[in-house]
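Reader: I would be grateful for a close examination of one part of this model, followed outward into the rest of the chain. Please give the cut-offs behind each term as it appears.

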Amino acid sequence: RAIINAGRRSGIKLKDGFYILKNKRYPLELGRMRMLYTTDDVKGVAYAVKVDENLTEIVYKDNDFYKDINIEDLIIKYNKQ
């Protein structure tokens with residue numbers, strides 16, 4: 001489990017999914033303002049279990065990832081296709 005400093009005010013809803021990325025600089029895709037990353041950059045996947053106005057509690061989907069996740073890593077919301 002982890003707490004992130006974004007909540008309903010940032011558009012996060014219950015059960016939203018997140019990628020946990022390595023902490024490094026990522027180029028932005030112009031026109032869409034999205035970070036460009038590869039599957040090698042993804043350290044784990046999580047989902048929102050509690051959402052407050054400004055905070056969200058997330059749970060990792062795979063327990064093997066918790067050892068590799070650091071406080072400096074980035075978390076981005078992904079869109080379900």
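Author: Tyr-19 has its bridge partner in β7, namely Ile-76. A further link to that strand is made by Gly-17, whose partner there is Tyr-78. In total, β2 (residues 17–21) and β7 are joined by five bridges and run antiparallel. Strands here are DSSP runs of E with at least two residues, and helices are runs of H or I with at least four, both numbered from the N terminus; two strands count as paired if DSSP finds at least two bridges between them.

The model is predicted, with local features requiring pLDDT of at least 70 and side-chain atom pairs pLDDT 80 or more, whereas totals for chains, interfaces and linings use all residues. Residues are numbered from 1 along each chain as its sequence is written, and side-chain values use heavy atoms, leaving out hydrogens and water.

β2 also pairs with β5, again antiparallel and over five bridges. Within this pairing, Phe-18 is matched to Ala-46 of β5. Four of the five residues of β2 are buried, so the strand is mostly covered; buried means under 20% relative accessible area, exposed over 50%, and partly exposed in between, with a 1.4 Å probe and protein chains only.

The wider sheet is open and has five strands in the order β1-β6-β5-β2-β7, with antiparallel pairing. Its edges are formed by β1 (2–4) and β7 (74–78), each of which pairs on one side only. On average, neighbouring strands of the sheet are turned by 40 degrees against each other, direction ignored; the axes are lines fitted to C-alpha atoms, with angles between N-to-C directions running from 0 to 180 degrees. As a general matter, strands of a sheet pair through backbone hydrogen bonds, either parallel or antiparallel.

In β5 (residues 42–51) lies Ala-48, which counts as buried because its relative accessibility is 1%. Leaving aside residues up to four places away in sequence, Ala-48 touches nine listed neighbours, among them Ile-12, Phe-18, Thr-56 and Ile-58, where contact means heavy atoms within 4.5 Å. Although Ala-48 and Ile-58 are ten residues apart along the chain, their C-alpha atoms are separated by 4.4 Å.

Phe-18, Ala-46, Ala-48 and Ile-58 are among the twelve residues of the largest nonpolar core, a core being a set of buried Ala, Val, Leu, Ile, Met, Phe, Trp, Tyr and Cys residues joined through side-chain atoms within 4.5 Å. At least two residues of this core come from each of β1, β2, β5 and β6 (56–60), and β5 gives the most, with three. Ala-6, also a member of the core, touches Ile-12, Asn-54, Leu-55 and Thr-56, not counting residues up to four places away in sequence.

For the protein as a whole, there are zero helices and seven strands. Buried residues make up 32% of its 81 residues. Among contacts with a separation of 6 or more, 65% join residues 24 or more positions apart. The radius of gyration is 13 Å, which agrees with the value near 12 Å for a compact globule of 81 residues; it is taken over C-alpha atoms, and the globule rule is 2.2 Å times the number of residues to the power 0.38. Along its principal axes, the C-alpha trace spans about 30 × 30 × 25 Å.
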